[in-house]
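Colleague: I am new to this structure and would like a close look at a single part of it. Please take the charged side chains and the helices that carry them.

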Amino acid sequence: MISYDYTGKVVLVTGGTKGLGRGIARAFRSAGAEVVVCARTPPDEPVDGAGVRFVRADVRDPEDLERLFDGLDRLDVVVNNAGGAPYAMVAGTSPRLHARVIELNLTAPLLVSQRAHPLLAATAGAVIMIGSTSGTRPSPGTSAYGAAKAGLHHLAACLAAEWAPEVRVNTVVVGLARTENAGEHYRDRIEVLSATIPAGRMAEPDDVGEVCLWLAGARYVTGAQVLVHGGGETPAWKWLASDEISR
Ligand SMILES: NC(=O)c1ccc[n+]([C@@H]2O[C@H](COP(=O)([O-])OP(=O)(O)OC[C@H]3O[C@@H](n4cnc5c(N)ncnc54)[C@H](OP(=O)(O)O)[C@@H]3O)[C@@H](O)[C@H]2O)c1
């Protein structure tokens with residue numbers, strides 16, 4: 001693995017207490033950065049000290065964002081990672097659910113980035129959006145989430161153009177990932193689902209952390225999407241046409 005040096009840099013990872021965010025925070029901390037993580041609830045294991053600071057903040061709440069940014073006097077990298085959605089078909093779900101999903105996955109990263117911009121402009125910093133393959137192909141059961149992620153990918157491209165050359169804005173488009181919540185989402189299907197990925201396994205938080213380390217420092221890369229999906233999802237026709245399945 002390539003080694004990176006983020007000594008003296010300050011990195012904010014939203015939702016950096018669990019799952020992919022925890023892996024991203026760990027990667028920047030290992031590279032010497034001072035890391036601030038925010039979430040609505042404190043992490044299971046205390047992270048304060050040793051270069052990591054936890055701030056309780058709901059990224060959808062403007063007052064929480066004020067408090068979060070009031071405590072920052074320097075910022076080199078923002079990773080808009082907090083996100084997600086429950087699995088629910090659109091029929092029968094409430095307008096409020098869809099509004100909340102879009103708020104978390106699209107509006108909040110916009111507002112966090114906007115609030116971070118002056119600090120990032122002062123350090124020639126970078127924004128990284130954690131996107132999803134759900135925003136690149138139909139996503140039944142998570143339609144509002146998929147649409148919000150598609151919007152997030154486009155938002156990054158717009159901000160990249162608006163804020164160049166001072167601040168770079170890129171997206172990491174993540175495929176199926178194996179976090180501590182993976183069992184909740186995929187139940188006992190992790191092995192089967194892994195077989196649909198050319199790489200033969202789901203992404204680990206450290207895989208995403210490694211890409212963020214590269215992307216945050218890649219000086220001529222802005223407005224880009226980096227696919228971290230292990231080669232994508234093998235199309236259904238490939239399985240259906242195979243002798244093994246049609247027999
Ligand atoms: N896991 C996957 O398979 C996968 C695939 C593609 C993309 N992604 C994307 O990767 C990102 C991380 O997903 P994950 O699976 O690692 O999620 P996760 O395990 O559910 O963790 C989400 C993190 O975000 C925090 N969070 C949630 N809502 C928040 C809010 N309103 N304000 C502040 N923090 C909030 C959570 O802490 P609290 O609950 O305490 O607030 C937690 O720290 C998301 O953007 C997701 O869409 C995930």
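Modeller: What follows is a walk through the salt bridges, the helices they join and two buried residues. Keep in mind that this is a predicted model.

Start with the total. The count comes to twelve salt bridges. Side chains of opposite charge can pair when their charged atoms come close. Three of these pairs deserve a look one by one.

Take Arg22 and Glu180. They form a salt bridge, and their closest N and O atoms are 3.4 Å apart. This pair links distant parts of the chain. Arg22 sits in helix H1, which covers residues 19-30. Glu180 sits in the loop between strand S6 (168-174) and helix H5 (182-186). The two residues are 158 residues apart. Arg22 has 31% relative accessibility, so it counts as partly exposed. Glu180 is at 45%, and therefore counts as partly exposed.

Helix H1 holds another partner. Arg26 and Asp206 meet through their side chains in a salt bridge, at 2.8 Å from N to O. Arg26 belongs to helix H1 and Asp206 to helix H7, so the pair ties together parts that are 180 residues apart in sequence. Arg26 counts as partly exposed, at 40% relative accessibility. Asp206 is partly exposed, with a relative accessible area of 43%.

Stay with helix H7 for a moment. It spans residues 205-217, and Pro205 lies in it. Is Pro205 buried or exposed? Its relative accessible area is 11%, so Pro205 is buried; the cut-off for buried is under 20%. What does Pro205 touch? Leaving out residues up to four places away in sequence, the contacts are Gly19, Leu20, Gly23, Arg26 and Arg178. Arg26 is thus a name to remember: it touches Pro205 and it bridges to Asp206. Pro138 makes a useful marker along the chain. It is 67 residues from Pro205, and the C-alpha atoms of the two are separated by 24 Å.

Now move to helices H2 and H3. Two packed helices are described by the angle between their axes and the distance between the axes. H2 covers residues 62-70 and H3 covers residues 95-123. They pack at an angle of about 25 degrees, and their axes are 11 Å apart. Angles under 35 degrees count as roughly parallel, and H2 and H3 are therefore roughly parallel to each other. Their crossing is right-handed.

Which residues meet there? From H2 come Leu65, Glu66, Phe69 and Asp70. From H3 come Leu111, Val112, Arg115, Ala116 and Leu119. Two of these names also make a salt bridge: Arg115 and Glu66, with the closest N and O atoms 3.1 Å apart. The pair joins helix H3 to helix H2, across 49 residues. Arg115, at 26% relative accessibility, counts as partly exposed. Glu66 is partly exposed too, with a relative accessible area of 38%. Salt bridges that share partners also join Arg56, Asp64 and Arg67 into one network.

Finish with a charged residue that has no such partner. Lys149 lies in helix H4, residues 143-163. Lys149 is buried yet has no salt bridge. Where is the nearest side chain of opposite charge? That is Asp58, 14 Å away. A salt bridge needs the atoms within 4 Å. What Lys149 does touch, not counting residues up to four places away in sequence, is Asn105, Ile130, Gly131, Ser132 and Gly135.

Technical notes. Residues numbered from 1 in each chain as written. Predicted model: local features only at pLDDT ≥ 70, side-chain atom pairs only at ≥ 80, totals over all residues. Heavy atoms only, no water. Helix = DSSP H or I, 4+ residues; strand = E, 2+ residues; numbered from the N terminus. Buried < 20%, exposed > 50% of the residue type's maximum accessible area, 1.4 Å probe, protein only. Lys, Arg positive; Asp, Glu negative; His and termini not counted. Contact = heavy atoms within 4.5 Å. Axes fitted to C-alpha atoms, helices over the stretch in contact; angles between N-to-C directions. Parallel < 35°, antiparallel > 145°, perpendicular 65-115°, else oblique. Left-handed = near helix turned anticlockwise from the far one by under 90°.
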